[in-house]
Amino acid sequence: MIKIKTEREIALMRESGKLTRDVLNYLESKIKVGMTTKELDKLAYDYIVSHGGYPSFLGYQGYPASTCISIDDMVVHGIPSNDIVIKDGQIVSVDVGVILNGWQGDAARTFMVGNVSEEKRRLVEITKECFFKAIENLCDGSPVGNIGYAVQTHAENNGYSVVRALTGHGIGQEMHEDPSVPNFGRRGTGIRLKKGMAIAIEPMINMGTYQVKFLEDGWGVVTKDGKPSAHYENTVAITDNGVEILTL
Ligand code: MF3
Ligand code: CO
């Protein structure tokens, strides 16, 4: 069941969205070569809690941290660790969720740390562009398949592939609500988006094969061929005249 949010509820999501964005901007200002992913995660926890929110990932189905931090060939859901040190030239995806006054925000960025190769930079750029292509013509009445079509077309036109094992999702008082929002698909298919729906659109784009492997920790997802992957996510609301990005 897809929940339609009232104007007042969207206003509350705007606030949780802003905090989600602020955490990511804060982490971007702090991320450095030599830092562990656990240190970065602690900064996120402290920031969220000191601004009146709660990190929605923490304890979600037993997840042990406030963020997912996924480096290079890790696609998503990297568990922050004292043993993982951020190195020069890595691309570091940070995914964070916030609950504020009962409403969720969910967003991710891929940070480029130090001297990142031209080919990885391009992957990160195109992944971000995939998100913006997806929302370009999105409005009340758009079939959800248009999102996947736009993401897949832009990724594949640039020689990349789209992860299929994971998707975007509806969001509201729960982090994961209906509908599922795949990053691949055909134009004109799927349910029609309506004013008052809120969704997280999150392209996960691989340099090589679209295929992924699931790690034994029960969370981490890595590319099957070991090539890099990037992630970019925002929570958006469908409005009268298109979409409003709540986490930017
Ligand atoms: N942000 C992720 C998503 O969009 C969720 C992370 S999983 C968690 O689905 F367990 F860490 F919360
Ligand atoms: Co999400």
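**Exercise 1.** Into how many nonpolar, polar and charged residues does the shell around ligand 1 divide?

*Solution.* The structure is a predicted model. Step one is to see which residues approach the ligand: there are 13 residues around ligand 1, and Asp95, Asp106, His169, His176 and Glu202 come nearest. Step two is to sort the shell by character, which gives 6 nonpolar, 3 polar and 4 charged residues.

**Exercise 2.** Determine which polar side-chain atoms lie beside oxygen atoms of ligand 1, and how much of the ligand the protein buries.

*Solution.* Begin with the histidines: a polar side-chain atom of His176 is 2.7 Å from an oxygen atom of ligand 1, and one of His169 is 2.9 Å from such an oxygen. Continue with Glu233, where the separation between a polar side-chain atom and a ligand 1 oxygen is 3.4 Å. Finally, consider the surface: ligand 1 taken alone exposes 340 Å², of which the protein buries 95%.

**Exercise 3.** Identify the protein donors of the cobalt ion (ligand 2) and describe their spacing in sequence.

*Solution.* First, list the donors: Asp106 through OD, His169 through NE2, Glu202 through OE and Glu233 through OE, at 2.0 to 2.4 Å from the cobalt ion. Next, write their spacing, which follows the pattern D-x62-H-x32-E-x30-E. Then locate one pair: His169 belongs to strand S7 (residues 168-170), while Glu233 sits in the loop between strand S13 (229-231) and strand S14 (234-239). These two residues are 64 residues apart, and the pair links distant parts of the chain.

**Exercise 4.** Are His169 and Glu233 buried or exposed?

*Solution.* A residue counts as buried when its relative accessible area is under 20%. Both His169 and Glu233 are buried.

Terms used:
Residues are numbered from 1 along each chain as its sequence is written. Chains are lettered from A and ligands numbered from 1 in the order in which they are written. This is a predicted model: local features need pLDDT of at least 70, side-chain atom pairs count only at pLDDT 80 or more; totals for chains, interfaces and linings use all residues. Side-chain values use heavy atoms; hydrogens and water are left out. Donors are N, O and S atoms within 2.8 Å of the metal (3.2 Å for Na, K and Ca); water is not among the atoms, so sites may look incomplete. Helices (H or I, at least four residues) and strands (E, at least two) are DSSP runs, numbered from the N terminus. Buried means under 20% relative accessible area, exposed over 50%, partly exposed in between (1.4 Å probe, protein chains only). A residue is near a molecule or strand if one of its heavy atoms lies within 4 Å of it. A polar contact is a pair of N or O atoms within 3.5 Å; within protein, one must be able to donate a hydrogen and the other to accept it, and residues adjacent in sequence count only if both atoms are side-chain atoms. Accessible areas come from the Shrake-Rupley method with a 1.4 Å probe; for residues, only the protein chains shown count as cover. Ala, Val, Leu, Ile, Met, Phe, Trp, Tyr, Cys and Pro count as nonpolar, Asp, Glu, Lys and Arg as charged, and the others, Gly among them, as polar.
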